[in-house]
Amino acid sequence: MIELALVLGTPLVTAIILALVGHRRYAAEINAAGSLLTLISAALLTSRIIAKGPMWFYEMQFFVDPLNVFLIALTALVGFTTSLFSRPYMRIEHDHGRLSSGRLRLYHSMFQMFMCTMLVALSTNNLGILWVAMEAATLTTVLLVALYRTPASLEAAWKYFILCGVGIAQALFGTILIYFAAERILGHEGNALLWTHLNSLRMQLEPTTLSLAFVFLIVGYGTKTGLVPLHNWLPDAHAEGPTPVSAVLSGLLLNVALYAIIRCKVLVDGALGTRFAENLMMAFGLLTVVVPAFYLSRQKDIKRLFGFSSIEHMGLITFAFGMGGPVASVAGLLHMTVHSLTKSAIFFAVGHAAQMAGTQVIDDIQGLLKRSPTIGWGLMLGTLAILGMPPFGVFTSEFMILTTAIKHHPWATPILLCALGVAFASMFHKVQGMVFGEPTVKPLAHNPALVPVFLHLGLVLMLGLWIPPYLSDWFRQAAKFIG
Amino acid sequence: MTLAYLTSSAFASQLINLCAAILLLLGFAMLAQRRVLSLINLFMMQGLVLCTSTLIVAITTHQPHLYWSAGLTFLLKVLALPYILHRLIRRLSVKWDIETLLNIPTTMLIGIFLVIIAFNVAQPISLLSGTITRATIGIALACVLLSFLMMITRSKAVPQVIAFLAMENALFFAATSATYGMPMVVELGIALDVLVGMVILAVFFFQIREQFDSLDIRHMEKVHEE
């Protein structure tokens, strides 16, 4: 009980405190301390769930099982490391005059608010609250993306707001349809939207309604996940927002949106008893892997490049969950974890690289290695990891996804391999030039926080070589829920 | 017409169908309306119809939380949001703006096509509905699609936002008429999100105009085409 209250309450309280003092010199420390406290409470919650199994909180409005507790822990971890990274990063931005003190206060407060909405979305048992939290997450991130108030960032934020607003409205219609189907069985008290209630009765839910609901839900939450052809907002939002925001958008928000789809998929599978939801996810997933691969080589902005790479990986994860079965589901969960860790690490390195060069244009960032070996290596290793090089964890999960695809859907394998190959060629080439080559970049005024980069990459490396037994148990249990 | 008939569910369902029809008509009216000021008035009327239909469902089904829902709709969609929008267009001095480059006949034809699609999609579900208002889910879906179309065809920021809010209205209508309303906590959450979103957008409008000297979205789409 108290753990969940802490997990959800800490970011909220920190956000309120930072709304008052977020412009002060020590605000970044408060931000980091709040995130650390959230991480500790998430760890406590996790150990409690591991010991006692799934639990309900607050009149069953919140529900924590192995599937979401693992995402809660991941969210809290990446949130904490991002707050560490943002301390020197935002200080440099402030010194460069890109941000006023008022904007800094908005940033700090909204960062914590964003964490809070994501944690609510992950832990709630009520599909309606899930929707409300997702929409609130959109609103907070719109403010974060528009933080610099440049024409490009306003454009990105507007696009993000409109596209995700429309998308998520479709998800609301899907939720209403689920409620419509459930209400006939559960009655119209508050219970008919509780996921656990729905899940226990999922065989009785009306199939036609549920299949229509799922179409709306996958389009709605899929917009937030960045599934092609609803991905247009994503590269802009990643490129124009401050880099810590790109890191949490890519590393966390996309996962949370995907989590919402997975929860709904479980219900729809039960009601339909066919592979309808799976096939839909596979189709969206495959399209989302292939299309961005061909956009990658045309990118000139480093953050847009990695934004497209995030879309591709989300497609891969959606495809994995679409295939279903124990191996693919574990692979999907593992890929969610390693992608979050790697992509946020890359954004940390990219953020500082862009600050050193004073631009985000790839051609103008050269020779990172000579000026700052740690940033250079961080970016290089991160890129290798995200491209699926062994021995990093991304390789393991991609390997598992591909082998499952060979076994059950052999026709998809060449398409996947081809897309991954194209992505490798276009990204590696660009990053190589940035890291090696003659330096055009200048050293930074403040010491960058690179511990998070190497902490994340270390974890990804570990997950590639050895998955701790409790973690693999956890993945297996969660995969069982997904089916 | 006796009193018994007036409170019967048959009469109520007639009334709700009437509301649904008006809502659809307003959807088309918004699609064809070029003036920003008239759009806001249409949006307000939509809110009023929504509020009325919620009230009718509340009276016939004796669901206490639907009275709250109707009150909330009235406060938010008939008073607060139109007030904010009116203030906004006055301060942005776009009150008498007329949108050009809008082929109304074509848009209307596409709109009719969308309504047919919506009815077809919703038909199997409407047959299942045990509530007093079975046909309305198709109309609600049609209204969602019409707002969607309006968003695509408009290039100015304020009409786009009104289209967005109209979509929210249609969804609310689906929730109340087809299912007797969502749980109260969810409705409150949605209302809060809409309100906060509106406030954020209002701030945005000023910044967009400051940066682009215009509220025309087409001015924004220049850099990132790929």
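**Exercise 1. Which residue does A:Arg91 form a salt bridge with, and how far apart are the closest N and O atoms?**

Keep in mind while you work that this is a predicted model.

*Solution.*

Step 1. Start at A:Arg91 and look for a carboxylate partner. A:Glu29 is the residue that forms the salt bridge, and the closest N and O atoms are 3.7 Å apart. The cut-off is 4 Å, so the pair counts.

Step 2. Place the two residues. A:Arg91 sits in helix 3 of chain A and A:Glu29 in helix 2 of chain A, so this pair links distant parts of the chain, 62 residues apart.

Step 3. Now check what else A:Glu29 does. A:Glu29 also forms a salt bridge with A:Arg87, where the closest N and O atoms are 2.7 Å apart. Helix 2 covers residues 27-52, and A:Arg87 lies in helix 3, so this second pair ties together parts that are 58 residues apart in sequence.

Step 4. Put the pieces together. A:Glu29, A:Arg87 and A:Arg91 are joined into one network by salt bridges that share partners.

**Exercise 2. Sort A:Glu29, A:Arg87 and A:Arg91: which are partly exposed, and which is buried?**

*Solution.*

Step 1. You need one cut-off here: buried means under 20% relative accessible area, and exposed means over 50%.

Step 2. A:Glu29 has a relative accessible area of 33%, so it is partly exposed. A:Arg87 comes out at 32%, so it is partly exposed too.

Step 3. A:Arg91 has a relative accessible area of 17%, so it goes in the buried bin.

**Exercise 3. Which residue does A:Asp65 form a salt bridge with, and are the partners buried or exposed?**

*Solution.*

Step 1. The partner is A:Arg263, with the closest N and O atoms 3.1 Å apart.

Step 2. A:Asp65 is in the loop between strand 2 (62-64) and helix 3 of chain A, while A:Arg263 is in helix 10 (residues 243-272) of chain A. The two are 198 residues apart, so here again distant parts of the chain are linked.

Step 3. For burial, A:Asp65 has 0% relative accessibility and counts as buried. A:Arg263, at 4%, counts as buried as well.

Step 4. For the wider tally, the structure holds 11 salt bridges over all chains.

**Exercise 4. How many aromatic pairs does a search of the whole structure find, and what is the geometry of A:Phe70 with A:Trp474?**

*Solution.*

Step 1. The search finds 16 aromatic pairs over all chains.

Step 2. For A:Phe70 and A:Trp474, the rings are 6.1 Å apart centre to centre, with 75 degrees between the planes. An angle over 60 degrees counts as edge-to-face, and that is the label for this pair.

Step 3. A:Phe70 lies in helix 3 (residues 66-95) and A:Trp474 in helix 19 (residues 469-482), both of chain A, so the pair ties together parts that are 404 residues apart in sequence. Both residues are buried.

Step 4. Look for linked rings as well: A:Trp56, A:Phe63 and A:Trp195 are joined into a cluster by ring pairs.

**Exercise 5. Which ring faces do A:Arg98 and B:Lys77 lie over?**

*Solution.*

Step 1. In chain A, A:Arg98 lies over the face of A:Tyr148, at 4.1 Å from the ring centre.

Step 2. In chain B, B:Lys77 lies over the face of B:Phe172, at 4.0 Å from the ring centre.

**Exercise 6. What does the interface of chain B and chain A consist of, and which helix of chain B gives the most to it?**

*Solution.*

Step 1. Count the residues: 49 from chain B are in contact with 51 from chain A.

Step 2. Take the area. About 4,400 Å² is buried between the two chains, and carbon and sulfur atoms give 75% of that.

Step 3. Look for polar links. The rule finds 0 salt bridges across this interface, and the count of residue pairs in polar contact is 2.

Step 4. Find the elements. Those that give two or more residues to the chain B side are helix 5 (104-128), helix 6 (136-153), helix 7 (157-179) and helix 8 (184-212). Helix 8 gives the most, with 15 residues.

**Exercise 7. Where is A:His238, and which residues does A:His238 touch?**

*Solution.*

Step 1. A:His238 is in helix 9 (residues 233-240) of chain A, and is buried, with a relative accessible area of 0%.

Step 2. Leaving out residues up to four places away in sequence, A:His238 touches A:Ser246, A:Leu249, A:Ser250, A:Lys303, A:Gly307 and A:Phe347.

How values were computed:
Residues numbered from 1 in each chain as written. Chains lettered and ligands numbered in written order. Predicted model: local features only at pLDDT ≥ 70, side-chain atom pairs only at ≥ 80, totals over all residues. Heavy atoms only, no water. Phe/Tyr/Trp six-rings, centres within 6.5 Å; stacked < 30°, edge-to-face > 60°. Helix = DSSP H or I, 4+ residues; strand = E, 2+ residues; numbered from the N terminus. Buried < 20%, exposed > 50% of the residue type's maximum accessible area, 1.4 Å probe, protein only. Lys NZ or Arg CZ within 6 Å of the ring centre and 35° of its normal. Contact = heavy atoms within 4.5 Å. Buried area = accessible area lost by both parts, 1.4 Å probe. Salt bridge = Lys/Arg side-chain N within 4 Å of Asp/Glu carboxyl O. Polar contact = N/O pair within 3.5 Å; in protein donor to acceptor, adjacent residues only side chain to side chain.
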